[in-house]
Amino acid sequence: MNKTGIQQLGIRRNGDVWQIRVWAPMAKNVLCRFYQKDMEIALKPQQYGYWYAETDLLTAGDLYWISVDGNELPDPISLSQPEGVHGPSKVVDLTFSWTDKDYRPPALSDFIIYELHVGTFTSSHDFDGVIKKIPYLKDLGITAIEIMPVAQFPGERNWGYDGVFPFAVQHSYGGASELQRLVNSCHEANIAVILDVVYNHLGPEGNYFSNYGPYFTDKYHTPWGNALNYDDSYCHGQRDLVLNNVRMWFEDFHIDALRLDAVHAIKDFNAVHILQQIRKETDEIIAKSGKNHFLFIECDLNDRRFLDPLAKNGFGMDAQWLDEFHHALRVSVGEPKKGYYEEFNGLADLAKAYEKAYVFDGNYSPHREKFFGTDTLGIKGDHFIVFCQNHDQVGNRMMGDRAASLYPVEITRLMAFAVFISPYLPLLFMGEEWGTKRAFPYFTSHSDPKLVEQVRQGRKKEFEDFFEDSEFLDPQDETTFRNTVLNWDEQDSEVHQKHLSYYRSLIAFRKTNPGLKNIQRDEMMAKCLPDQKVLILSMRKNNSSLVVLMNFSATVQQVTLPEDLQWKMIFNTNEMDAAVLLDTDYAQTTVASLKPWSGQVYISI
């Protein structure tokens, strides 16, 4: 037993009664005050620093404060903050009329992920806007959407990583019931839902956790301040919070997968790491429900332990974002070698990423000035997620530049091709598929002037190596946010329609080609022709052979195909029309002619 066993936090309905539980181990007196009803409920102390009460006098919608030794505060485990992060909390009944009983998420290897930000995905800035686009996503070929964090944050404009109420769904997005409706609607369309959650830090504004107990520790520091307390005195409070949060998303919201933000910033030297406990908790939920749930992570440590199973003392995560694939790909198409791009060598590293996943797997990292990373032997390709754009790699540019703003269309097509023919799980970022140039910079709506200025200066300093001469976009300016909202009318133009058609055909090719479906890393060989700037991928699957050619140069390149087999082209990135790509009867050949910045796939016949 390495947990308290607490299964309920905050205010939750259980049959005809409402259970109230607050963690405040240092408090002498804890009350729950419902000012609309002119009522207060005294909580009684329990084991491990918890305070508890039951009542049948509450109604969903009641507003309340928690009083800790006379100090009235919002409930950190609140399920709703209708008046913002500094306002009272609201009682919520999470009961929902689900219709997804027979739904099952896709197999891990079948995930085709579409990352989106609820506030900027449509002009309504809410979950209902996402629901209305489900038919579009289904037609595109998406099998899973990934939603950036929705935990309540200050104001109405934020990426979501400044959330301070981990259990409260952002009120301006529609709150808990609307998120449940979105998940149910996605499941009706056979689309899985991944939710981005943040267990490495909490935002600064509206963060009342320290008023309750030692949720933080000064033993460690993160880029966002003191670390959350996972291994110091009273760490069971924070650990209970996370495990209950995981359970809520899976059980009460039917979320299919969680994407855990920056787990390298979780500092935990307990014998059982919090990620291992999350894995065990998830496995218990799977066993109980009979439905699979997945755990994806963002991690920059190149440490296989995060993906190794619990039986090997690993953390048992299902998949990891593979940033190094992205970095090598971007340098291959001409990204300046600045900042974290400086140590990547283009095609050679991209070839390694196709075969090994990690570019730094124990070799020397000049950027870090040390030997870095582990091998990935035996780890399947579907344990890694790759992309040519995502919210970080777009938004963490000073101007939030999209690939379509940086490169000509043939290069953006080639980058997408490189992602979708990989042995990894492909992810695209909202609007990428039609080649939008709408920027996606960082934006906020804090109310504290001092914090606003700190954010401004922090963003300037963080990316001075990249864009020292660029105009700065103020994160707090509402115009910065407004200009990020996708313009769906762009799809009416012929250029964008062709780009969208290309993405549809590329996704369909990935899903239907037997040679690419479920391809594994050990079935793929990567070869680089540095003089020609050509990358060759060779793979054998189901008694057939595939050769993928990618030309990363600005000139036509001739490549001789293996002479022991006959070859026929089955995909060409130079074709923009989906019907042409899928229906063209290409002639067989022995020599491939690749136009600048293009890719082709050949199958043995």
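Which element gives the most to the lining of the second largest pocket? Hold that one for a moment. This is a predicted model, and I'll go through it pocket by pocket, then residue by residue.

The answer is α5, with four residues. The second largest pocket itself has a volume of about 330 Å³. It is lined by 17 residues, and those closest to its centre are Gln7, Gln8, Arg12, Arg13 and Asp252. Two elements give two or more residues to that lining: β1, residues 10-14, and α5, residues 236-251. By class, the lining of this pocket splits into six nonpolar, five polar and six charged residues.

Stay with α5. The helix has 16 residues. From first C-alpha to last, α5 reaches 22 Å, close to the 22 Å expected at 1.5 Å a residue. The helix is also mostly covered, with 14 of its 16 residues buried.

Move past the end of α5. In the loop between α5 and β17, residues 257-260, sits histidine 254. Its phi is near 60°, a positive value in a residue other than glycine. As background, most residues other than glycine have a negative phi. 

There are further cases. Asparagine 313 has a phi near 65°, again positive and again not a glycine. Asparagine 313 belongs to the loop between β18, residues 294-297, and β19. Is asparagine 313 buried or exposed? Neither: asparagine 313 counts as partly exposed because its relative accessible area is 41%, and that class runs between the 20% and 50% cut-offs. Then there is alanine 357, just after α8, with a positive phi of about 75°.

Now α8 itself, residues 347-356. Its buried residues are Leu347, Asp349, Leu350, Ala351, Ala353 and Tyr354. What do the buried residues of α8 pack against? Two helices and three strands: α7, α11 at 409-420, β24 at 524-529, β25 at 534-541 and β26 at 544-551. On spacing, an α-helix has 3.6 residues a turn, so residues three or four places apart point the same way. Keep that in mind when you look at the buried list.

Next, the largest pocket. Its volume is about 1,600 Å³. Of the 43 residues lining it, Pro223, Trp224, His264, Asn396 and Glu462 are the closest to its centre. Which elements give two or more residues to this lining? They are β19 at 319-321, α7 at 323-332, α9 at 391-395 and α12 at 449-462. The most comes from α12, with six residues. By class, the lining of the largest pocket has 17 nonpolar, 15 polar and 11 charged residues.

From pockets to cavities. The structure holds seven cavities of 30 Å³ or more. The largest cavity has about 150 Å³ of space. Its lining counts 17 residues, and Pro149, Ala151, Pro166, Val197 and Val198 lie closest to its centre. Two elements give two or more residues there: β14 and, once more, α5. Here β14 gives the most, with three residues. The class split for the largest cavity is 11 nonpolar, four polar and two charged.

Two single residues to finish. Take threonine 282 in helix α6, residues 274-289. Why does threonine 282 count as buried? Because its relative accessibility is 0%, and the cut-off for buried is under 20%. Its side chain reaches the backbone oxygen of isoleucine 278 at 2.8 Å. Leaving out residues up to four places away in sequence, threonine 282 touches Val246, Phe250, His293 and Leu295. Val246 and Phe250 fall within the 236-251 range of α5.

Last, tyrosine 208. This one is in the loop between β14, residues 192-197, and β15, residues 216-222. Tyrosine 208 and proline 76 are 132 residues apart in sequence, yet their C-alphas are 6.8 Å apart in space. Setting aside neighbours within four places, tyrosine 208 is in contact with Leu73, Pro74, Val85 and His86. With histidine 86 there is also a side-chain to side-chain polar contact of 2.7 Å.

To recap one thread: α5 gives four residues to the lining of the second largest pocket, and α5 is among the elements giving two or more to the lining of the largest cavity. That's it from me.

Note on methods:
Residues are numbered from 1 along each chain as its sequence is written. This is a predicted model: local features need pLDDT of at least 70, side-chain atom pairs count only at pLDDT 80 or more; totals for chains, interfaces and linings use all residues. Side-chain values use heavy atoms; hydrogens and water are left out. Buried means under 20% relative accessible area, exposed over 50%, partly exposed in between (1.4 Å probe, protein chains only). A polar contact is a pair of N or O atoms within 3.5 Å; within protein, one must be able to donate a hydrogen and the other to accept it, and residues adjacent in sequence count only if both atoms are side-chain atoms. Contact means heavy atoms within 4.5 Å. On a 1 Å grid over the protein atoms alone, a cavity is a set of points where a 1.4 Å probe fits but cannot get out, and a pocket is an open set with protein on both sides within 12 Å along at least five of seven lines; lining residues have an atom within 4 Å of a point. Grid points are joined across faces, edges and corners, and a volume is the space filled by probe spheres set on the points. Ala, Val, Leu, Ile, Met, Phe, Trp, Tyr, Cys and Pro count as nonpolar, Asp, Glu, Lys and Arg as charged, and the others, Gly among them, as polar. The expected span of a helix is 1.5 Å times one less than its number of residues.
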